[in-house]
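Here's a quick walk through salt bridges, strand pairing and cysteines. Have the sequence and the model open as you read.

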Amino acid sequence: MSVAGATTGATTETDDMSPVPVAHWEELFAQGRGFRRADARELTLLAGHVRPVSGQRALDVGCGLGGYAAGLAHLGYRTVAVDWAQSSVAAVRDRYSGLEPGLTAHCVDFEDDDAVQRALAPGSFDLITMRLVLAFMTDKAAVAQRVRRLLAPAGVWLVTTPLAQRLPAGRRSIAVTAEDLAVVTGPYGQGGWYDLEQQGLRCIIMRS
């Protein structure tokens, strides 16, 4: 499955998106700041490619302020939003309390395998999304293994990310490389990709 060859160029709501400690994200989300928001067109494209069924379960990893997770809930998914920052989880619960129980938020560090196993049941999600998150994961192979463990049969992993090859050297820390993509897509026999717009984010689809 070849996914690395097209456009990138993420736009964010923050000025510096280099990898940073959780304390930075705590402050950022407490201030109501986060990544570029998902608009209606992005969610429509997701639905067209993934074809959600009402009542299916979705997991949004690295949910930030929760807008994308809320979009999944509006598409009919019973959505679990997780982030390693407590202020992120608090913001999601505050902003989208009206969507409960269709949207719940929990503080989980997805790079901590023990924490993931305690919080999330294997084989329980029809869709797992990582929007502008994968580039910040230090062990992408381990992350991919966790995702496979959590996906239900015929489940979908959707990664939304800029591609490093299309960014200036100073901004490549916010993007994934071709090597990264080979690591995470290799175990999947089916999948594909689409771009949100010309010179925009790439959405990578992997099917279990």
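Two strands count as paired if DSSP finds at least two bridges between them. Helices (H or I, at least four residues) and strands (E, at least two) are themselves DSSP runs, numbered from the N terminus. With that in hand, β1 and β4 pair in the parallel sense over 4 bridges.

Some housekeeping before going on. This is a predicted model, where local features need pLDDT of at least 70 and side-chain atom pairs count only at pLDDT 80 or more, while totals for chains, interfaces and linings use all residues. Residues are numbered from 1 along each chain as its sequence is written, and side-chain values use heavy atoms, with hydrogens and water left out.

**Around β1**

In the β1 and β4 pairing, A58 has L127 of β4 as its bridge partner. β1 also runs parallel to strand β2 (residues 78-83), with 5 bridges joining the two. Here D60 sits opposite A81 in β2. To get from β1 to β2 the chain passes through helix α3 (residues 67-74), and this β-α-β crossover is right-handed (with the strands pointing away from the viewer, the path from the first strand over the helix to the second runs clockwise).

How enclosed is β1 by the rest of the structure? Largely, because 4 of its 5 residues are buried. Buried means under 20% relative accessible area, exposed means over 50%, and partly exposed is in between (1.4 Å probe, protein chains only).

**Helix α6 and its neighbours**

The buried residues of α6 are K140, A142, V143, A144, R146, V147 and L150. They pack against β1 (57-61), α5, β4 (125-131), β5 (151-161) and α7 (178-185), where contact means heavy atoms within 4.5 Å. As a reminder about helices, there are 3.6 residues a turn, so residues three or four places apart point the same way.

**Salt bridges**

A salt bridge here is a side-chain nitrogen of Lys or Arg within 4 Å of a carboxyl oxygen of Asp or Glu. How many does this rule give? The count comes to 4 salt bridges, including these:

| Pair | Closest N and O atoms |
|---|---|
| D113 and R146 | 2.8 Å |
| D113 and R149 | 3.0 Å |
| D195 and R202 | 3.0 Å |

The D113 and R146 pair links distant parts of the chain: D113 is in helix α5 (residues 113-119) and R146 in helix α6 (residues 140-150), 33 residues apart. D113 is partly exposed at 25% relative accessibility, whereas R146 is buried at 8%.

The D113 and R149 pair also runs from α5 to α6, so it ties together parts that are 36 residues apart in sequence. R149 is partly exposed, at 30% relative accessibility.

For the D195 and R202 pair, D195 is partly exposed at 22%, and R202 is buried with a relative accessible area of 0%. As for shared partners, salt bridges join D113, R146 and R149 into one network.

**Cysteines**

How many disulfides turn up in a search of the whole structure? The search finds 0, with a disulfide taken as a pair of cysteine sulfur atoms within 2.5 Å. Take C107: the closest cysteine sulfur to its own is in C63, 9.1 Å away, which is too far for a bond. C107 is partly exposed, with a relative accessible area of 33%, while C203 is buried at 1% relative accessibility.
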